[in-house]
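Q: Could you take me through the salt bridges in this structure, and then look closely at one serine and what surrounds that side chain? I'd like to see how the pieces connect.

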Amino acid sequence: MFEGKNFIDILNMGGWTLFVLLGASILSITVICFKSVEFWTKSKVTRSQFMHRLVEKIKRDRFEDVLDFCDTVDSPLAPVAKAGIIAFKENEGNIGESMEREIMIQTVKLEQFTTILGTLGSVAVYIGLFGTVLGIIRAFHDISKMGSGGISVVIGGVSEALIATAAGLFVAIPAVIAYNFFTKLIDKFVVDMEYCSSAVEDTLKGKTEKWL
């Protein structure tokens with residue numbers, strides 16, 4: 001069916017929906033690559049490594065070093081800890097609330113663009129099915145004009161129409177897999193941030209009680 005056809009010819013066989021799916025595929029791959037690099041970078045420093053160095057500096061009252069250390073770490077844990085340290089130094093009230101607000105901010109940043117993958121994973125299949133339905137309608141319209149002698153043409157038309165469904169699945173499956181994978185990673189980051197918030201708050205409260 002594809003003998004002697006180039007990429008554009010194959011796209012034309014599936015109708016305009018195939019061009020839509022091509023754009024969706026490019027968008028999906030772009031988001032997957034971007035988020036993969038982002039999460040890989042933010043995962044370089046583990047929670048245990050970060051917390052060990054952070055708590056050690058806090059216990060030594062080296063708060064300026066703590067803030068500088070947080071600025072050098074590309075991890076959502078860093079701004080959470082930094083928010084708690086700043087609140088503690090400036091006596092801005094509840095340290096835990098300051099860090100909870102920062103956790104919400106960092107969670108929104110982590111989730112940025114992932115909804116695109118979820119949407120494409122849900123919609124791409126339906127776009128492909130829509131293209132197939134249009135192709136089948138066109139094929140039966142052709143047979144109504146050509147009579148029973150055109151059945152081979154109709155079969156060819158239907159097979160070409162199914163390209164849209166295949167393309168829809170091709171776009172949807174990687175998008176859904178990536179979306180679920182990134183969602184799990186975000187959940188892990190949130191747990192790590194909550195642990196960091198609790199550990200920092202307990203450490204700072206211990207220092208306050210000692211001073212009292």
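A: Let's settle one word before we start: contact means heavy atoms within 4.5 Å. Also keep in mind that this is a predicted model.

Start with the salt bridges. The structure holds seven of them. One joins Asp-74 to Lys-42, with 3.3 Å between the closest N and O atoms. Lys-42 sits in helix α2 (residues 16-42), while Asp-74 is in the loop between α4 (63-72) and α5 (77-90), so this pair ties together parts that are 32 residues apart in sequence. The two partners also sit in different surroundings: Lys-42 is buried, at 15% relative accessible area, because the cut-off for buried is under 20%. Asp-74, at 41%, counts as partly exposed.

Now go to helices α4 and α5. Glu-64 pairs with Lys-89, and their closest N and O atoms are 2.4 Å apart. Glu-64 belongs to α4 and Lys-89 to α5, so the bridge links parts 25 residues apart in sequence. Glu-64 is partly exposed, with 47% relative accessible area, and Lys-89 is partly exposed too, at 37%.

There's another bridge between these helices. Lys-82 forms a salt bridge with Asp-71, and here the closest N and O atoms are 2.7 Å apart. Lys-82 lies in α5 and Asp-71 in α4, so this pair ties together parts that are eleven residues apart in sequence. With a relative accessible area of 24%, Lys-82 is partly exposed. Elsewhere, Arg-47, Lys-188 and Asp-192 are joined into one network by salt bridges that share partners.

And now for your serine. Where is Ser-98? Look in helix α6, which covers residues 95-111. Is Ser-98 buried or exposed? It's buried, with a relative accessible area of just 9%. Which side chain does the side chain of Ser-98 make a polar contact with? That would be the side chain of Arg-101, at 3.4 Å. Leaving out residues up to four places away in sequence, Ser-98 touches Ala-83 and Ala-87. Both of those alanines have numbers that fall within α5 (77-90). That brings us back to the helix that holds Lys-89 and Lys-82, so you can follow α5 from its salt bridges with α4 over to the alanines that Ser-98 touches.

Definitions and conventions
Residues numbered from 1 in each chain as written. Predicted model: local features only at pLDDT ≥ 70, side-chain atom pairs only at ≥ 80, totals over all residues. Heavy atoms only, no water. Salt bridge = Lys/Arg side-chain N within 4 Å of Asp/Glu carboxyl O. Helix = DSSP H or I, 4+ residues; strand = E, 2+ residues; numbered from the N terminus. Buried < 20%, exposed > 50% of the residue type's maximum accessible area, 1.4 Å probe, protein only. Polar contact = N/O pair within 3.5 Å; in protein donor to acceptor, adjacent residues only side chain to side chain.
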